[in-house]
Amino acid sequence: MNKVALITGATRGIGKQIALTLAKEGYNIVINYREENDEVNTAKGEIEAIGVECLTVKGDVSKFDECESFVKQAIEKFGQIDVLVNNAGITKDMLLMRMNKQDFEQVIDVNLIGTFNVTKNVISYMIKARTGRIINISSIVGINGNSGQTNYSASKAGIIGFTKSLAKEVASRNILVNAVAPGFIQTNMTDVLKEEVKEEIAKNIPLKRMGTAQDVANVVKFLASEDSSYITGQVLQIDGGMGI
Ligand SMILES: NC(=O)c1ccc[n+]([C@@H]2O[C@H](COP(=O)([O-])OP(=O)(O)OC[C@H]3O[C@@H](n4cnc5c(N)ncnc54)[C@H](OP(=O)(O)O)[C@@H]3O)[C@@H](O)[C@H]2O)c1
């Protein structure tokens, strides 16, 4: 029987690449998305073309009830969730001086509380199955901080604390919980930066390039696989050496 992976915010960017990469490993895929659009069906079609099943489930990760509902849909269809990837995330960058409470809360609500909402709804099924992998997408700025990103950095640092604590709670049930901390990855999230800014950033990365969504997906694939069966509570940096 195929294993099942649920990936949040997976119709584009890093989430979509993770979905495609796990599909190639033979996982049936559950794609969570927030808004109905063409990308949802395109992603589903690309995954099914690989030869596995794909269920698309609508839901805003910052809303607990919606997470409860889409996790139930996934269980009704496949009976299990072997791998959960908490990928959905947003930025609302600005200096703290100009940031209002709503800008701070929205980022925390999606990135950190969203991670709680989905994990809380999935964990009981993994505990019953006595197996599971949870992979949370943090960020290098959750470790190092970044000017203009107090909200985002706090959310991503929170994910690291969440990952380590949960890893301790569920290790005895054979559930492994890890995080990845990408550096600058080419997606819509970083496309908003000016070309000169991107070039400047790349110059300061030891590997001299921005990362790709595939760079991140490869590490998630490893953390989902048997090859990482003695790793839990860790944060793997995928940053071309930025964090050195
Ligand atoms: N790109 C980077 O350099 C970088 C670096 C470090 C970490 N990350 C992290 O990697 C993850 C993926 O980022 P990305 O670069 O692929 O960004 P992206 O292209 O902007 O994709 C983000 C995805 O999250 C979804 N999403 C946002 N809010 C949601 C919500 N409330 N409920 C459900 N889905 C929601 C988006 O859906 P919509 O289409 O509805 O907006 C989109 O599919 C994020 O957690 C991000 O913080 C990215």
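# Salt bridges, cysteines and a buried asparagine

Student: Which residue meets arginine 133 in a salt bridge?

Tutor: A salt bridge is a side-chain nitrogen of Lys or Arg within 4 Å of a carboxyl oxygen of Asp or Glu. The side chain of arginine 133 makes such a pair, at 3.6 Å from N to O, with glutamate 226.

Student: On what terms should this model be read?

Tutor: The model is predicted: local features need pLDDT of at least 70, side-chain atom pairs count only at pLDDT 80 or more, and totals for chains, interfaces and linings use all residues. Residues are numbered from 1 along each chain as its sequence is written, and side-chain values use heavy atoms, with hydrogens and water left out.

Student: Is arginine 133 buried or exposed?

Tutor: Buried means under 20% relative accessible area, exposed over 50%, and partly exposed in between (1.4 Å probe, protein chains only). Its partner glutamate 226, at 54%, counts as exposed. Arginine 133 has 9% relative accessibility, and therefore counts as buried.

Student: Which residue forms a salt bridge with lysine 16, and where does that residue lie?

Tutor: Helices (H or I, at least four residues) and strands (E, at least two) are DSSP runs, numbered from the N terminus. The closest N and O atoms of lysine 16 and its partner are 3.2 Å apart. Lysine 16 is in helix H1 (residues 13-24), and 30 residues separate the pair. The partner is glutamate 46, in helix H2 (residues 38-50).

Student: How many disulfides are there?

Tutor: A disulfide is a covalent bond between the sulfur atoms of two cysteines; here the rule is a pair of cysteine sulfur atoms within 2.5 Å. For cysteine 54, the nearest cysteine sulfur is that of cysteine 67, 18 Å away. The count is 0.

Student: What is the relative accessible area of cysteine 67?

Tutor: Cysteine 54 counts as buried because its relative accessibility is 4%. Cysteine 67 is also buried, and its relative accessible area is 0%.

Student: Which residue's backbone nitrogen does the side chain of asparagine 178 reach?

Tutor: Asparagine 178 lies in strand S6 (residues 175-182) and, at 2% relative accessibility, counts as buried. Contact means heavy atoms within 4.5 Å; leaving aside neighbours within four places in sequence, asparagine 178 has contacts including Ile134, Thr163 and Leu223. At 2.9 Å, its side chain reaches the backbone nitrogen of glutamine 234.

Methods
A polar contact is a pair of N or O atoms within 3.5 Å; within protein, one must be able to donate a hydrogen and the other to accept it, and residues adjacent in sequence count only if both atoms are side-chain atoms.
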